[in-house]
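This explanation leads the reader through one molecular structure, step by step. Please keep the sequence and the model in view while reading.

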There are 4 protein chains.
Amino acid sequence: MAGNIFGNVFRLTTFGESHGPALGGVIDGCPAGISIDIEAVQAELNRRKPGQSAIVTQRKEPDTVEFFSGIFEGQTTGTPIGFAIHNTNQKSKDYNHIKDSFRPSHADYVYDQKYGVRDYRGGGRSSARETASRVVAGAIAKQFLKDIKINAFVSAVGSIKVDGDYTALDFSQIESNPVRCPDPAKAEEMESYIKKIRKEGDTVGGVVSCVIQNVPIGLGEPVFDKLHAALGSAMLSINAVKGFEYGSGFDGAKMTGSQHNDLYNQDGTTKTNYSGGIQGGISNGMAIYFNVAFKPVATIMQTQETLNNKGEFVDMQGKGRHDPCVVPRAVPIVEAMAALVLADFMLLKRLNNNQL
Amino acid sequence: MAGNIFGNVFRLTTFGESHGPALGGVIDGCPAGISIDIEAVQAELNRRKPGQSAIVTQRKEPDTVEFFSGIFEGQTTGTPIGFAIHNTNQKSKDYNHIKDSFRPSHADYVYDQKYGVRDYRGGGRSSARETASRVVAGAIAKQFLKDIKINAFVSAVGSIKVDGDYTALDFSQIESNPVRCPDPAKAEEMESYIKKIRKEGDTVGGVVSCVIQNVPIGLGEPVFDKLHAALGSAMLSINAVKGFEYGSGFDGAKMTGSQHNDLYNQDGTTKTNYSGGIQGGISNGMAIYFNVAFKPVATIMQTQETLNNKGEFVDMQGKGRHDPCVVPRAVPIVEAMAALVLADFMLLKRLNNNQL
Amino acid sequence: MAGNIFGNVFRLTTFGESHGPALGGVIDGCPAGISIDIEAVQAELNRRKPGQSAIVTQRKEPDTVEFFSGIFEGQTTGTPIGFAIHNTNQKSKDYNHIKDSFRPSHADYVYDQKYGVRDYRGGGRSSARETASRVVAGAIAKQFLKDIKINAFVSAVGSIKVDGDYTALDFSQIESNPVRCPDPAKAEEMESYIKKIRKEGDTVGGVVSCVIQNVPIGLGEPVFDKLHAALGSAMLSINAVKGFEYGSGFDGAKMTGSQHNDLYNQDGTTKTNYSGGIQGGISNGMAIYFNVAFKPVATIMQTQETLNNKGEFVDMQGKGRHDPCVVPRAVPIVEAMAALVLADFMLLKRLNNNQL
Amino acid sequence: MAGNIFGNVFRLTTFGESHGPALGGVIDGCPAGISIDIEAVQAELNRRKPGQSAIVTQRKEPDTVEFFSGIFEGQTTGTPIGFAIHNTNQKSKDYNHIKDSFRPSHADYVYDQKYGVRDYRGGGRSSARETASRVVAGAIAKQFLKDIKINAFVSAVGSIKVDGDYTALDFSQIESNPVRCPDPAKAEEMESYIKKIRKEGDTVGGVVSCVIQNVPIGLGEPVFDKLHAALGSAMLSINAVKGFEYGSGFDGAKMTGSQHNDLYNQDGTTKTNYSGGIQGGISNGMAIYFNVAFKPVATIMQTQETLNNKGEFVDMQGKGRHDPCVVPRAVPIVEAMAALVLADFMLLKRLNNNQL
């Protein structure tokens with residue numbers, strides 16, 4: 001109930017502050033008998049880690065995951081999978097300036113009001129560093145999901161947007177550029193823009209899109225746990241996310257029923273896919289696709305007026321090492337959360353009927 | 001886990017199919033000692049019910065709620081509140097045409113695939129009629145929340161949109177027109193458009209916006225149960241919803257940090273409110289506002305080609321009595337779900353620290 | 001969290017006070033495709049109902065269950081099963097004497113302290129009448145469990161005890177006498193004793209035992225949700241229960257390992273069954289058996305000194321119609337709770353490994 | 001759902017196998033602002049650890065707890081508390097004999113059947129070593145509970161029993177002897193008996209009793225989460241437990257209502273306490289007391305015939321270092337589980353009414 005447990009039956013509990021001894025988590029409910037490739041897990045973590053390219057934060061953290069339990073001779077055993085990532089490169093002194101002051105549009109103020117105490121170093125629990133645990137768990141989930149393909153990518157940075165719909169994109173291009181955009185021309189444009197923004201000491205928002213293919217029919221639990229409601233909640237729980245839409249999304253609100261209805265092919269697939277692979281909250285076998293909006297990172301390298309905990313105005317300038325644009329590193333996080341949701345609902349589906 | 005229980009500690013379990021004997025639910029976790037105005041509950045239900053104006057479905061259902069437990073001498077007792085709404089006006093024969101066929105962009109096909117059996121009458125459990133139970137529970141939640149004001153309204157129908165931001169709107173105008181739009185000129189335009197669309201046997205989508213005022217600081221549970229993640233999930237669980245954004249939303253993704261950061265006033269409020277009243281997943285005391293996108297109703301009064309359960313193409317024309325545009329009746333549903341989320345998080349906040 | 005939801009994935013939510021309009025519940029998570037025999041459900045309810053024999057309370061309540069949803073054309077549909085039992089024979093005036101006074105060893109005082117308000121009529125929510133909802137849900141669970149046989153019976157009334165172990169008993173005798181004891185001679189002795197006790201205006205405790213046969217291997221979730229922990233919790237949640245033991249139970253604490261270990265037969269069954277069909281919290285395919293201790297009913301037809309809500313001593317004499325010994329009517333309740341636990345764990349087992 | 005998460009709002013998730021890299025857990029929901037004495041946590045762990053006296057296993061494990069998060073400058077912050085205990089003294093080769101064979105009355109066989117794979121070393125997840133994580137979390141819970149006093153102790157070893165009821169015992173004597181029995185004469189008798197049993201290569205069961213004092217009125221959630229049901233489930237989840245009774249327990253089943261009813265004093269306390277401090281599932285402010293039956297440890301140093309995974313009979317003799325009687329080391333585990341339940345219900349109580 002305190003919000004650090006995710007999922008219904010494939011459950012992830014996470015812990016850890018940005019500058020404490022370690023972050024990590026426990027996966028409870030991963031079925032036995034899944035072969036685990038630890039290097040593949042580490043590879044996902046490397047996609048998220050700081051310092052991997054010129055357009056992300058230059059912080060250097062090895063972010064090496066250590067597994068404690070639940071995997072024996074290369075296989076899951078059905079028991080909980082505990083893991084940790086030790087924090088090794090915390091420059092806590094970078095954060096003395098926020099010990100008593102509240103960064104604008106950060107969670108400092110509300111944590112103080114809610115808990116009466118906060119680990120201010122690097123934002124503590126509110127730091128996006130917390131998502132490293134999600135990426136580890138998501139990588140395990142992906143190995144359970146096997147044939148289901150999850151591809152996230154950057155579809156917009158500021159006002160620069162990828163054109164056309166998801167069917168026109170070449171996902172093999174995603175990792176070919178530091179922005180993680182499948183359209184190489186747009187990727188270059190985005191990269192230049194992010195560099196310019198960083199030079200100005202500013203930050204910019206963007207959109208991560210995600211396409212999930214080879215999804216079995218029948219995932220999603222009516223009525224409150226519709227598949228897209230769970231995906232939406234998962235995405236909105238990622239730091240800096242402001243919006244979620246799937247299928248036709250907000251554009252669908254402008255359409256008429258005669259335009260929007262997806263007519264069937266004889267095999268049960270549909271001719272169009274405005275539904276985004278989900279009808280009535282349940283997957284219909286078509287590709288699931290959705291967009292996730294990220295706000296610009298709140299820490300900017302410009303002086304801002306803010307409040308301290310005595311209620312006085314003080315000047316604050318961003319210190320530490322921060323991302324000018326969060327979306328390139330958010331790509332593996334979006335995939336991880338999607339994988340956790342799908343793993344959970346793949347298992348829930350086993351409970352639906354009595355022909356099993 | 002089967003998806004019919006909502007909330008963490010203020011919990012609603014619902015049941016009921018469109019054409020079964022009754023719909024209803026159980027609220028477990030409503031604190032004792034709350035005075036309940038039953039007529040106010042019924043009034044909310046009346047805002048949702050069919051047949052209330054010329055632009056909604058002409059089905060006539062009295063939708064009278066009956067309470068079974070949990071309220072004694074006008075007060076909640078802390079025990080579960082059971083209730084039911086009997087179905088009285090089911091024209092089940094209207095639905096014989098969908099017994100063996102799957103309506104396009106409806107849940108018929110996926111229910112069949114998921115469960116192997118379905119109550120086809122009126123869509124069964126997948127019918128939006130299910131939301132009546134949510135409105136009852138939301139009305140109870142509102143009475144618990146007291147000073148917190150929740151105002152939902154229609155902000156777009158098709159491409160017709162209310163201009164300006166929420167601070168410019170007069171919420172007292174919402175119930176003055178059948179569209180439930182606070183801008184009377186736009187309301188008229190929307191109403192005409194809906195009538196035109198209905199005449200064409202078509203339907204249209206729209207957007208419901210919601211503003212929540214007088215929210216205490218500190219609601220929301222890091223990291224997975226951020227307040228906006230719970231609100232998003234709640235909204236996305238409503239039938240026909242395709243997207244959710246709060247605060248700056250998808251527009252925020254285009255902004256820079258120096259534009260988007262909300263600077264503090266000396267009392268802890270902020271000069272702007274791009275954050276939408278939530279920072280790091282926790283309410284900051286400013287107004288919470290969000291948009292919910294609804295697709296056009298899938299049942300249209302035009303002939304469409306579709307599949308039957310033998311895999312043959314058949315012609316289908318919408319029968320029964322349906323809404324040409326769902327958003328006017330969705331307004332009380334959005335409010336109800338918002339109230340359920342807030343009631344839940346108001347209670348969770350009691351657990352946060354040890355100074356209580 | 002408020003305690004009215006039972007189970008992990010086969011979930012029962014109950015509502016209802018002894019003298020309110022109705023009791024009932026919602027089963028969420030019952031798989032689709034189970035044929036439901038409504039009369040069998042009613043038959044279970046009849047085993048629990050008052051007035052069925054000379055040694056139980058003479059209250060007359062028809063206790064007819066009405067189903068609202070989730071069953072269509074005789075089969076479960078995978079959607080929630082809502083049901084209610086209307087209260088028809090409440091003699092609320094019988095309870096005016098406890099409006100302001102607290103019956104000794106009843107829950108009146110603690111409800112008042114906990115909630116600040118209470119529906120005093122017939123004990124309100126704390127009445128064992130609440131268990132009627134459990135019996136309905138348990139009867140549905142039994143139909144899902146099919147081949148698993150659950151037999152509960154009275155094994156002790158006061159100091160009168162059935163001798164020997166469960167393997168010597170003829171379960172077909174259980175319903176042959178009003179005590180529900182499979183040993184006819186002991187049954188008669190118990191019946192006479194209960195009549196004597198009633199004549200004295202007193203009540204007496206007893207033990208209900210339960211044997212579950214044909215249980216698949218592998219039910220139970222380590223480490224906190226061991227099968228016997230879930231059974232224990234289920235039984236201890238029944239009104240008036242003071243203890244639970246399974247297999248060798250408290251006697252096992254006196255034994256040595258060389259006596260107590262169950263050695264294997266070649267087919268994986270065991271030569272003895274001190275384990276009670278459960279090892280390490282997981283069913284091993286042998287019969288599960290356990291004992292449940294019930295205290296004497298607190299309402300006696302003798303004058304007792306007690307407190308009123310002004311802190312004054314008052315004399316109180318039991319009124320209304322009460323059971324002199326609760327165990328005969330507790331038999332179907334114990335079975336129902338066992339069925340609910342087993343249904344839940346049968347479903348959970350589907351999640352354990354990836355060979356499905 | 002996979003059983004490794006305990007509690008409703010004060011939640012413990014544990015992980016770890018007997019011979020893997022580490023055991024540990026995450027506490028989610030511990031309120032902010034609690035001063036934590038880490039040495040007191042380690043002291044509890046030392047009470048549980050092997051090798052502490054002549055009558056327990058001579059395995060030497062330092063069992064040092066390492067905290068990863070959730071505690072900052074000596075105080076809880078409201079964020080999850082992650083911790084681990086590294087395994088340092090695993091003699092895994094001691095367990096090669098059980099790699100392919102199933103120890104009688106152990107969980108080897110059922111784990112194999114349930115998961116299809118098992119970490120056989122030291123019993124893997126089914127080892128009582130797992131309870132170390134519970135003791136850590138229980139020690140944190142105790143610091144939250146502060147004034148509530150929880151005293152567990154050994155009340156029986158085999159047939160040697162402490163006489164009289166809990167009010168006659170001197171809890172300050174519990175830690176004065178290696179058996180942890182508050183009656184020094186009985187303690188000596190028990191100690192000699194355990195030594196004799198060990199010499200015979202055998203083991204013996206026993207009973208741990210627990211008394212909880214200074215409990216506020218109002219803990220416990222009707223109807224399924226009665227306080228004693230939660231305590232019972234918690235105790236039954238401990239390895240080797242066969243039974244749980246509270247208050248009058250199984251003896252209460254023999255009594256009459258006129259004997260058993262607890263009459264009130266004028267201050268709301270009761271003259272007797274057969275209720276065991278709980279009425280209707282809710283604490284009434286009197287001492288809570290209960291008994292927990294432990295079976296004899298299944299690993300004996302005698303040759304037993306058993307099965308291997310080819311279905312052949314093989315001879316097996318216990319190896320490794322095991323406890324001849326588990327109850328002395330179970331005392332801190334019983335206390336820890338009691339503390340976890342009480343912490344959970346203390347928080348749940350905050351949700352009950354609206355006068356807060």
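In chain A, strand 9 (residues 149-157) and strand 10 are joined by 2 bridges and run antiparallel. Within this pairing, Val157(A) has Ile160(A) of strand 10 as its bridge partner. The model is a predicted one, and every value below is computed from it.

The two strands belong to a wider arrangement. They are part of an open sheet of 10 strands with antiparallel pairing, whose order is 10(A)-9(A)-11(A)-15(A)-12(A)-12(B)-15(B)-11(B)-9(B)-10(B). Strand 10 (160-161) of chain A and strand 10 (160-161) of chain B stand at the edges; each has a single partner strand, so one side of each is left without a neighbour in the sheet.

Where do the strands of chain A meet those of chain B? Strand 12 (residues 241-246) of chain A is joined by 3 bridges to strand 12 (residues 241-246) of chain B, and the two run antiparallel. One residue to locate here is Glu245(A), whose bridge partner in strand 12 of chain B is Gly243(B).

Helices pack against this sheet. Helix 8 (residues 327-349) of chain A lies across strand 9, strand 11 (206-213) and strand 15 (288-294) of chain A, and runs at about 145 degrees to strand 9 of chain A. In chain B, helix 8 (residues 327-349) packs on the sheet by touching strand 9 (149-157), strand 11 (206-213) and strand 15 (288-294) of chain B; the direction of this helix makes about 145 degrees with that of strand 9 of chain B.

The contact between chains A and B may now be considered as a whole. It takes 95 residues from chain B and 95 residues from chain A. On the side of chain B that touches chain A, helix 2 (residues 108-115) of chain B gives the most, with 6 residues. Sorted by class, that side of chain B has 40 nonpolar, 42 polar and 13 charged residues. Chain B is superposed on chain A by a rotation of 180 degrees with 0.0 Å of shift along its axis, at an RMSD of 0.0 Å. Since 100% of the interface residues of chain B are also interface residues in chain A, the copies meet through the same surface.

Chain A also touches chain D. This contact takes 38 residues from chain A and 38 residues from chain D. The elements giving two or more residues to the side of chain A that touches chain D are strand 2 (11-15), strand 3 (22-28) and strand 7 (81-86) of chain A. By class, this side of chain A has 16 nonpolar, 16 polar and 6 charged residues. A turn of 180 degrees and a shift of 0.0 Å along the axis lay chain A on chain D with an RMSD of 0.0 Å. The two copies are thus related as by a two-fold rotation axis. Here, 100% of the interface residues of chain A are also interface residues in chain D, so these copies meet through the same surface.

Strand 7 can be examined further in chain C. Of the 6 residues of strand 7 (residues 81-86) of chain C, 5 are buried, so the strand is largely enclosed by the rest of the structure. Strand 3 (residues 22-28) of chain C pairs with strand 7 of chain C in the antiparallel sense over 6 bridges, and Ile27(C) stands opposite Ile81(C) in strand 7. Strand 4 (residues 65-67) of chain C pairs with strand 7 of chain C in the antiparallel sense over 3 bridges; Glu66(C) has Ala84(C) in strand 7 as its bridge partner.

The interior of the structure comes next. The largest nonpolar core has 472 residues, and those with the most contacts inside it include Val334(A), Leu340(A) and Leu340(D). Among the residues that Leu340(D) touches are Phe6(D), Phe10(D), Ala137(D) and Ala234(D).

Finally, some loops deserve attention. Arg180(B), in the loop between strand 10 and helix 4 (184-199) of chain B, has a positive phi of about 65 degrees although it is not a glycine. Is Arg180(B) buried or exposed? With 23 C-beta neighbours inside 10 Å, Arg180(B) counts as buried. Glu73(C), in the loop between strand 5 (71-72) and strand 6 (75-76) of chain C, has a positive phi of about 50 degrees. With 8 C-beta neighbours inside 10 Å, Glu73(C) counts as exposed.

How values were computed:
Residues are numbered from 1 along each chain as its sequence is written. Chains are lettered from A and ligands numbered from 1 in the order in which they are written. This is a predicted model: local features need pLDDT of at least 70, side-chain atom pairs count only at pLDDT 80 or more; totals for chains, interfaces and linings use all residues. A nonpolar core is a set of buried Ala, Val, Leu, Ile, Met, Phe, Trp, Tyr and Cys residues joined through C-beta atoms within 7 Å. A residue is buried if 20 or more other C-beta atoms lie within 10 Å of its own, exposed if 12 or fewer, and partly exposed in between; C-beta atoms are placed from the backbone. Two residues are in contact if their C-beta atoms, placed from the backbone, lie within 7 Å. Copies are superposed by least squares on the C-alpha atoms of residues with pLDDT of at least 70 in both. Helices (H or I, at least four residues) and strands (E, at least two) are DSSP runs, numbered from the N terminus. Ala, Val, Leu, Ile, Met, Phe, Trp, Tyr, Cys and Pro count as nonpolar, Asp, Glu, Lys and Arg as charged, and the others, Gly among them, as polar. Two strands pair if DSSP finds at least two bridges between them. Axes are lines fitted to C-alpha atoms, for helices over the stretch in contact, and angles run from 0 to 180 degrees between N-to-C directions. Lists of a residue's contacts leave out its neighbours within four places in sequence.
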